Amino acid sequence: MPAPTGYTTLLCMKFEFTDGNVEELKEKIETDEANKTITLTALEGHILNLYKTYKINWQNLVSSDYHFLTTVNIRHCPALDPALL
């Protein structure tokens, strides 16, 4: 069995805005050291009322410099309620 090349973390965040609104977000953070990638995937929270899927992927393209490729995969909800914005 090959050795794991990364790890997965669950992160729960709570945002309190000055207008009194409170938003919560639970996301999964996956790292892959072999491919030099970090992937954030929304699991729960207000963002999933706006999008069916929300996933961000960062990849370090050059190890000696700070060059990153960022890919954002989002799928809009088909019947988006403007009140949610």
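Contact here means heavy atoms within 4.5 Å. The model in these close-ups is a predicted one.

**View 1. K26 in strand 2 and what it touches.** Strand 2 is where K26 sits. Setting aside residues up to four places away in sequence, K26 touches L11 and C12, and also T41, A42, L43 and E44. K14 makes a handy reference point: K14 and K26 are twelve residues apart in sequence, with 8.9 Å between their C-alpha atoms. Is K26 buried or exposed, or something in between? Its relative accessible area is 25%, so K26 goes down as partly exposed, given that buried means under 20% and exposed over 50%.

**View 2. The hairpin of strand 1 and strand 2.** Strand 1 covers residues 6-16, and it runs antiparallel to strand 2, with eleven bridges joining the two. Pick out two of the pairings to get your bearings: E16 has V22 in strand 2 as its bridge partner, while T9 stands opposite I29, also in strand 2. Five residues lie between the two strands of this hairpin. In the turn you'll find G20, with a positive phi of about 95°.

**View 3. The hairpin of strand 2 and strand 3, with K36 in the turn.** Here the pairing is antiparallel again, this time over eight bridges between strand 2 and strand 3. One pairing to look for is E30 with its bridge partner T39 in strand 3. The hairpin has four residues between its strands, and K36 is in the loop that links strand 2 (22-32) to strand 3 (37-45). Now check the backbone of K36: phi is positive, about 55°, even though K36 is not a glycine. Most residues other than glycine have a negative phi. As for the surface, K36 has 40% relative accessibility, so it counts as partly exposed.

**View 4. T37 in strand 3.** Is T37 buried or exposed? T37 is buried, because its relative accessible area is 15%, and the cut-off for buried is under 20%. Which residues is T37 in contact with, once neighbours within four places in sequence are left aside? They are E30, T31 and D32, plus N57, W58 and Q59.

**View 5. The largest pocket and its lining.** About 200 Å³ of space lies in this pocket. Its lining is made up of F15, F17, E23, E24, L25, E27, L40, A42, H46, I47, Y54 and I56. Sort those residues by character and you get eight nonpolar, one polar and three charged. Which strand gives the largest share of the lining? That's strand 2, with four residues. Strand 2, strand 3 and strand 4 (51-62) each supply at least two lining residues. A42 links this view to the first one: A42 is part of the pocket lining, and A42 is also among the residues that K26 touches.

Methods: Residues numbered from 1 in each chain as written. Predicted model: local features only at pLDDT ≥ 70, side-chain atom pairs only at ≥ 80, totals over all residues. Heavy atoms only, no water. Buried < 20%, exposed > 50% of the residue type's maximum accessible area, 1.4 Å probe, protein only. 1 Å grid on protein atoms, 1.4 Å probe; cavity = no way out; pocket = protein on both sides within 12 Å on 5 of 7 lines; lining within 4 Å. Points joined across faces, edges and corners; volume = space filled by probe spheres on them. Nonpolar A, V, L, I, M, F, W, Y, C, P; charged D, E, K, R; others polar. Pairing = 2+ DSSP bridges.
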